[in-house]
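Thanks for coming. I will go through one structure, starting where the chains meet, and then move on to what lies within each of them.

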Amino acid sequence: MTEDPAAGKAAGKAGKTAGKAESAARTGLGQGPGRLLVMLYGVFTVAAASRSIYQLIAQYQEAPLAYILSAVSAAVYAFITVSLVRGGEGARKAAIVCCALELLGVLTVGTWTLADPSAFPDQTVWSDYGMGYLFIPIFLPVTGLLWLRKARRG
Amino acid sequence: MIDALTVALGVTALLLAAWCGFAAYRDQPTKDWHFIGMAVVALLAVVQLVIGVVRLAGGDDPQQGVAIFVAYLIGSALAVPIAAFMSLTERTRWGSATVSAAAVVLAVLEVRLYDIWGGVGG
């Protein structure tokens, strides 16, 4: 709407996200490149959560392992999203742990689905290293870790 | 009708992604014209949501289930407005990059919607 950064901030304060925007401004985790990460992590939270909720309710018996893993990945994504928005040193450290966990999850599940496809009659977000999701699941934790490291120095 | 709209929405979403991606590349925040573009795409997505629900109420049955169809309709209606608000409070190139990424997500949702509806007829 405007090119004036001050006016943009005022608009943000007027909105519902006032508290969030201010706390993020304090630490900068959800600002700049972090804003893009918040969006992508938000998308993946919704994607993994809605997928696992639907599948756990509608077709649990078909592939319980895959659906439970989807639910776990949704929880990890949700936690990282919240940490990025909240900001602060504690949240940054927690997010680093979760990003590492996420990377480990993608690599483990990715290898597992290739090594033993019969354990996974249905797909998860992390199947085949996230191939069904344009490989974003494997790039996201790496980018997240890089950004979280840089956010401390900057 | 809904197939044509899905294709149109997918194409306009990609155009929006390219446009905002270009702004990010040139180190510019989103401007008035970008927001007008976002409004057009968001409006199309809302129209799609309404038509989709009307078609469901009229007795049509998406190939891959009603619940998934409605979830994707709602998701695609929300994607661009949320990104627009995020870029309002991020007046840098990264605000533009965020909108661009959300538009790509919307395009992917449209491809999935096309499959979910059944891909033919409609």
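Between chain A and chain B the count is one salt bridge. Keep in mind throughout that this is a predicted model. Which side chains make that bridge? They are Glu90(B) and Arg35(A), at 3.8 Å from N to O. A salt bridge here needs the nitrogen within 4 Å of the carboxyl oxygen, so the 3.8 Å of Glu90(B) and Arg35(A) passes. Over all chains, the search of the whole structure turns up five salt bridges. The one from Glu90(B) to Arg35(A) crosses between chains, leaving the loop between helix 3 and helix 4 of chain B and arriving in helix 3 of chain A. Are these two residues buried or exposed? Glu90(B) is buried, and Arg35(A) is buried as well.

Around that bridge is the rest of the contact. Chain A puts in 18 residues and chain B puts in 17 residues. The two chains bury about 1,700 Å² between them. Of that area, 72% is on carbon and sulfur atoms.

Now the salt bridges inside the chains. As a general point, side chains of opposite charge can pair when their charged atoms come close. In chain A, Arg92(A) and Glu89(A) meet in a salt bridge at 3.0 Å, N to O. Where do they sit relative to each other in helix 5? Helix 5 of chain A covers residues 89-115, and Arg92(A) and Glu89(A) are three residues apart in it, so about one helical turn separates them. What about their burial? Arg92(A) has a relative accessible area of 5% and is therefore buried, while Glu89(A), at 40%, counts as partly exposed. The pair also belongs to a network of salt bridges that links Glu89(A), Arg92(A) and Lys93(A).

In chain B, Asp60(B) and Arg55(B) form a salt bridge at 2.6 Å, N to O. Asp60(B) has a relative accessible area of 32%, which makes it partly exposed. Arg55(B) is at 21%. Why is Arg55(B) called partly exposed rather than buried? Because buried means under 20%, and Arg55(B) at 21% does not meet that.

Next, the aromatic side chains. A pair of aromatic rings is described by the distance of the centres and the angle of the planes. The count is six aromatic pairs over all chains. One of them is Trp112(A) with Phe120(A), an edge-to-face pair with 5.2 Å from centre to centre and 90 degrees between the planes. Trp112(A) is partly exposed at 34% relative accessibility, whereas Phe120(A), at 8%, is buried.

In chain B, the ring centres of Phe69(B) and Trp117(B) lie 4.9 Å apart with the planes at 40 degrees, so this pair is tilted. Which parts of chain B does it tie together? Phe69(B) is in helix 3, residues 66-88, and Trp117(B) is in helix 4, residues 93-117, so the pair connects parts that are 48 residues apart in sequence. Phe69(B) and Trp117(B) are both buried.

Back in chain A, one aromatic cluster is formed by Tyr41(A), Phe44(A), Tyr77(A), Trp126(A) and Tyr133(A).

That leaves the overall build of chain A. Chain A has six helices and zero strands, so in order from the N terminus its elements read α-α-α-α-α-α. Of its 154 residues, 41% are buried. How far apart in sequence are the residues that touch? Taking contacts in chain A between residues at least 6 apart, 67% join residues at least 24 apart.

Last, the surface. Chain A exposes about 8,000 Å², with 68% of it supplied by carbon and sulfur atoms. A nonpolar patch of about 310 Å² on the surface is made by Leu56(A), Tyr60(A), Ile68(A) and Val72(A). Leu56(A) belongs to helix 3 of chain A, residues 33-58. With a relative accessible area of 30%, Leu56(A) is partly exposed.

To close, back to the place where we began. The chains share one salt bridge, and its two residues, Glu90(B) and Arg35(A), are buried. I will take questions now.

Terms used
Residues are numbered from 1 along each chain as its sequence is written. Chains are lettered from A and ligands numbered from 1 in the order in which they are written. This is a predicted model: local features need pLDDT of at least 70, side-chain atom pairs count only at pLDDT 80 or more; totals for chains, interfaces and linings use all residues. Side-chain values use heavy atoms; hydrogens and water are left out. Patches are made of residues with over 30% relative accessible area and no salt bridge: like charges are joined within 9 Å, nonpolar side chains (Val, Leu, Ile, Met, Phe, Trp, Tyr) within 5 Å. Accessible areas come from the Shrake-Rupley method with a 1.4 Å probe; for residues, only the protein chains shown count as cover. A salt bridge is a side-chain nitrogen of Lys or Arg within 4 Å of a carboxyl oxygen of Asp or Glu. Helices (H or I, at least four residues) and strands (E, at least two) are DSSP runs, numbered from the N terminus. Buried means under 20% relative accessible area, exposed over 50%, partly exposed in between (1.4 Å probe, protein chains only). Rings of Phe, Tyr and Trp (its six-membered ring) pair if their centres lie within 6.5 Å; planes under 30 degrees apart count as stacked, over 60 as edge-to-face and the rest as tilted. Contact means heavy atoms within 4.5 Å. Buried area is the accessible area (1.4 Å probe) that two parts lose on being put together, summed over both.
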